[in-house]
Structures are given as C-alpha cells and as structure tokens.
Amino acid sequence: MSRSSAPSQRQLRVGELIRRSLSEVLARGDVHDPELTALSITVGEVRASPDLKVATAFVLPLGGDHAEEALAALRRNRGELRRAVGKKTQLKFTPELRFTLDETFDRMDETRRLLADETVRRDLATPGATPDGDED
C-alpha cells in the first residue's frame, strides 16, 4: 500500500475544527497573556498530522508586523491554547499545537508581481509561444 501525501478527510476536518476554535480563542482573548491578547492574529490554516497528534497552525499577525514576537507569544502559551481548543472542540485527544508563519500572502504578492512583469505578460498573451520566443 503506498502512502499518499495528500491529507485524509479526517485530517482536513480536524484541522479546520482546530483552526476555527483557535481563531475564536485568540479573538476573544481567552489566554491570560497581555502580550498575546494585544495582538490580532490570523490563523490561515491548520494541518493535522496523519496520526492527529500534532497540529501545525499557520499564523500571521494583522498587517504582518511583529511576526516573531507573535510566534514567541503563541509558543509560550501553547499549553493554555491547547487546553482552550480542547474544551471547544471536544476531541477525544487534543493534538499538540505548533505554530509557524503563514507565508501564503507573501507568495501571492510575489505571484502578482511576476504576472505584472511585462515579459511574462507578453509570453502569456502570445498563444503557442515557446520560451525562446519562437512560434510552435
């Protein structure tokens, strides 16, 4: 049996459940850390491991400022966040929470910049063009 790299439906459901719960906990300021409650943090995605023991949350502070401070605050409060998420989700086992910066917006900005480049626009507009500029 080959292992697929795509997440299972169960992983996706658990990840989304944790994302919603974590977002709510952070928005309501349920954590007793003034540094963390002072930040507005977006939880873009949560990926659950195949065994559902680890959940990696992709987060970004509003505006992208103070990202390292936000990560440090989240990591410092991971136990309290895990308990709060566990109460909200009522999962049999609450996964260990890990936090990493969500770079999706940076990649989208870079893609937009590339697509706006005159050379790329010209290549996209010319049907059947090859990379060296010759027609097929």
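**Close-up views of a predicted model**

**View 1. Leu 52 in the turn of the hairpin.** Leu 52 counts as buried, at 14% relative accessibility, a value that falls under the 20% cut-off used for that class. The model shown in this and the following views is predicted. Leu 52 has its place in the loop between β1 and β2, and the two strands form a hairpin in which five residues lie between them. Although Leu 52 is not a glycine, its phi is positive, at about 65°.

**View 2. The pairing of β1 with β2.** Strand β1, which covers residues 41-48, is joined to β2 by seven bridges, and the two strands run antiparallel. Along this pairing, Ile 41 has Pro 61 as its bridge partner in β2, while Thr 42 stands opposite Leu 60 of β2. Strand β2 itself (residues 54-61) is mostly covered, with seven of its eight residues buried.

**View 3. The pairing of β2 with β3.** On this pairing the strands run parallel, and six bridges join β2 to β3, the strand of residues 96-101. Thr 56 stands opposite Arg 98 in β3, and Ala 57 has Phe 99 of β3 as its bridge partner. In general, the strands of a sheet pair through backbone hydrogen bonds, either parallel or antiparallel.

**View 4. The three-stranded sheet and the helices α1 and α3 beside it.** The sheet is open and consists of three strands in the order β1-β2-β3, with mixed pairing. Strands β1 and β3 stand at the edges, where each has a single partner strand, so one side of each is left without a neighbour in the sheet. Neighbouring strands are turned against each other by 30° on average, with direction ignored. Helix α1 packs on this sheet and touches β1, β2 and β3, and the direction of α1 makes about 155° with that of β1. Helix α3, formed by residues 67-76, lies across β1, β2 and β3 as well, and runs at about 175° to β3.

**View 5. The crossing of helices α1 and α4.** Helix α1 (residues 9-28) and helix α4 (residues 78-89) have axes that come within 9 Å and cross at roughly 120°. The two helices are therefore oblique to each other, and their crossing is right-handed. On the side of α1, the contact is made by Leu 17, Ile 18, Ser 21, Leu 22, Glu 24, Val 25, Leu 26 and Arg 28, and on the side of α4 by Leu 81, Ala 84, Val 85, Lys 88 and Thr 89. Sorted by character, the residues of this contact comprise eight nonpolar, two polar and three charged ones.

**View 6. Ser 21 within the contact of α1 and α4.** Ser 21 has its place in helix α1 and is buried, with a relative accessible area of 7%. When neighbours within four places in sequence are left aside, Ser 21 is in contact with Val 85, Lys 88 and Thr 89, three residues that are listed among those of α4 in the contact between the two helices.

**View 7. Gln 90 in the loop that leads from α4 to β3.** Gln 90 is found in the loop between α4 and β3 and has a positive phi of about 55°, although this residue is not a glycine. At 70% relative accessibility, Gln 90 counts as exposed, whereas Leu 52, the other residue with a positive phi shown in these views, counts as buried at 14%.

**View 8. The whole chain, for orientation.** The secondary structure of the protein chain comes to six helices and three strands, and read along the sequence these elements follow the pattern α-α-β-β-α-α-β-α-α. Of the 136 residues in the protein chain, buried residues make up 29%. Among contacts between residues at least 6 apart in sequence, 59% join residues that are at least 24 apart.

How values were computed
Residues numbered from 1 in each chain as written. Predicted model: local features only at pLDDT ≥ 70, side-chain atom pairs only at ≥ 80, totals over all residues. Heavy atoms only, no water. Axes fitted to C-alpha atoms, helices over the stretch in contact; angles between N-to-C directions. Helix = DSSP H or I, 4+ residues; strand = E, 2+ residues; numbered from the N terminus. Parallel < 35°, antiparallel > 145°, perpendicular 65-115°, else oblique. Left-handed = near helix turned anticlockwise from the far one by under 90°. Contact = heavy atoms within 4.5 Å. Nonpolar A, V, L, I, M, F, W, Y, C, P; charged D, E, K, R; others polar. Buried < 20%, exposed > 50% of the residue type's maximum accessible area, 1.4 Å probe, protein only. Pairing = 2+ DSSP bridges.
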